[in-house]
Amino acid sequence: MGRELVILSPVERRDTLLHVIRHARRRLTFSLFRCDDRKVLNELAEARDRGVRVEALVTPSAKGWEKRLKDLRGLLTDLGAEVHRYDGGNAKYHAKYMVADDSTAVVASLNFTQKCFRETCDFLLVSHDPNLISSLRRLFKADCRSAGSPFPRNLSERLIVGPEQARRRIEALIQGAKRRIRIMDHRIADPDMLALLRDRRKDGVAVEVLDDREIGGLRAHGKMMLIDDNVAVLGSLSLSPPSLDNRREVAVIVRQPEVVGRLAKFFDERKAQRE
């Protein structure tokens with residue numbers, strides 16, 4: 001599978017994304033909720049100029065972005081991308097991911113916006129896991145179809161795709177914790193998840209939640225969960241009813257010790273700053 005990287009710094013997140021786009025040679029597929037970063041759009045245009053097939057799946061709605069989404073679809077079309085407007089059965093397409101060729105996948109909590117490249121606390125994972133790459137491609141293909149298309153089978157167990165899997169998979173991870181659960185999620189509000197976390201505390205599991213609107217001087221936006229010291233989950237999925245039940249969300253499970261350790265250190269440092 002190779003070494004995976006988690007990117008935390010806002011500037012490094014943009015540079016990493018640009019690097020992935022710049023090194024694509026045959027095909028780029030990605031989903032968008034919001035995008036207004038000129039450097040990203042310019043890099044996509046350059047990818048098309050060198051013959052890369054660029055496919056974008058764009059949400060049909062985002063609060064305050066009705067006109068800008070229409071303009072974004074037009075801009076992507078003008079630069080030569082194949083643009084798909086999500087028409088699935090879920091309320092919004094909130095997933096944020098990109099696949100370059102058959103070599104690199106990016107799963108993120110951030111939008112491709114200037115704000116998320118400067119002002120937010122967010123997470124971006126770069127992976128070369130072939131099964132993860134293949135699964136994201138199949139999910140993309142399925143979600144480009146019209147409403148009622150079957151959900152793809154046999155996706156990587158590392159992917160948590162909402163709403164079909166989200167509640168069940170997250171509950172199983174929380175139930176499986178032996179010692180400690182750490183959650184960074186400013187939108188945590190689901191009654192059943194909150195009740196489950198209370199029950200786990202009663203079982204003797206340490207449960208720590210950072211739900212502040214500002215984290216480490218940055219605006220809270222990213223969602224991340226740590227189970228004990230060996231599992232991390234990050235992506236667009238939050239522990240709120242809309243995210244768990246009504247939106248297309250994508251999160252990824254990470255077990256590589258160096259990545260989990262870095263996220264744990266990040267969480268503990270932000271918790272210490274708050275205290």
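This text walks through the aromatic pairs and one helix packing in a predicted model.

The aromatic rings are a convenient place to begin, and the structure holds two pairs of them. A pair of aromatic rings is described by the distance of the centres and the angle of the planes. In one pair, the ring centres of Y86 and Y93 lie 4.8 Å apart and the planes meet at 65°, so the arrangement is edge-to-face, given that planes over 60 degrees apart are classed in that way. Y86 is buried, with a relative accessible area of 3%, and Y93 is likewise buried, its relative accessible area being 0%.

The other pair is formed by F123 and F266, which are also edge-to-face, with 5.7 Å from centre to centre and 80° between the planes. This pair links distant parts of the chain, since F123 sits in the loop between β8 (120-121) and β9 (124-127), while F266 belongs to helix α8 (residues 257-274), 143 residues apart. F123 is buried at a relative accessible area of 0%, and F266, with 8% relative accessibility, counts as buried as well.

Turning to the helices, α2 (residues 38-49) packs with α3 (residues 66-78) at an angle of about 30°, and their axes are 10 Å apart. Because angles under 35 degrees count as roughly parallel, α2 is described as roughly parallel to α3. On the α2 side the contact involves R38, L41 and L44, which meet L72, L75 and L76 of α3. Sorted by class, the residues in this contact of α2 with α3 are five nonpolar, no polar and one charged.

Notes:
Residues are numbered from 1 along each chain as its sequence is written. This is a predicted model: local features need pLDDT of at least 70, side-chain atom pairs count only at pLDDT 80 or more; totals for chains, interfaces and linings use all residues. Side-chain values use heavy atoms; hydrogens and water are left out. Rings of Phe, Tyr and Trp (its six-membered ring) pair if their centres lie within 6.5 Å; planes under 30 degrees apart count as stacked, over 60 as edge-to-face and the rest as tilted. Buried means under 20% relative accessible area, exposed over 50%, partly exposed in between (1.4 Å probe, protein chains only). Helices (H or I, at least four residues) and strands (E, at least two) are DSSP runs, numbered from the N terminus. Axes are lines fitted to C-alpha atoms, for helices over the stretch in contact, and angles run from 0 to 180 degrees between N-to-C directions. Angles under 35 degrees count as roughly parallel, over 145 as roughly antiparallel, 65 to 115 as roughly perpendicular and the rest as oblique. Contact means heavy atoms within 4.5 Å. Ala, Val, Leu, Ile, Met, Phe, Trp, Tyr, Cys and Pro count as nonpolar, Asp, Glu, Lys and Arg as charged, and the others, Gly among them, as polar.
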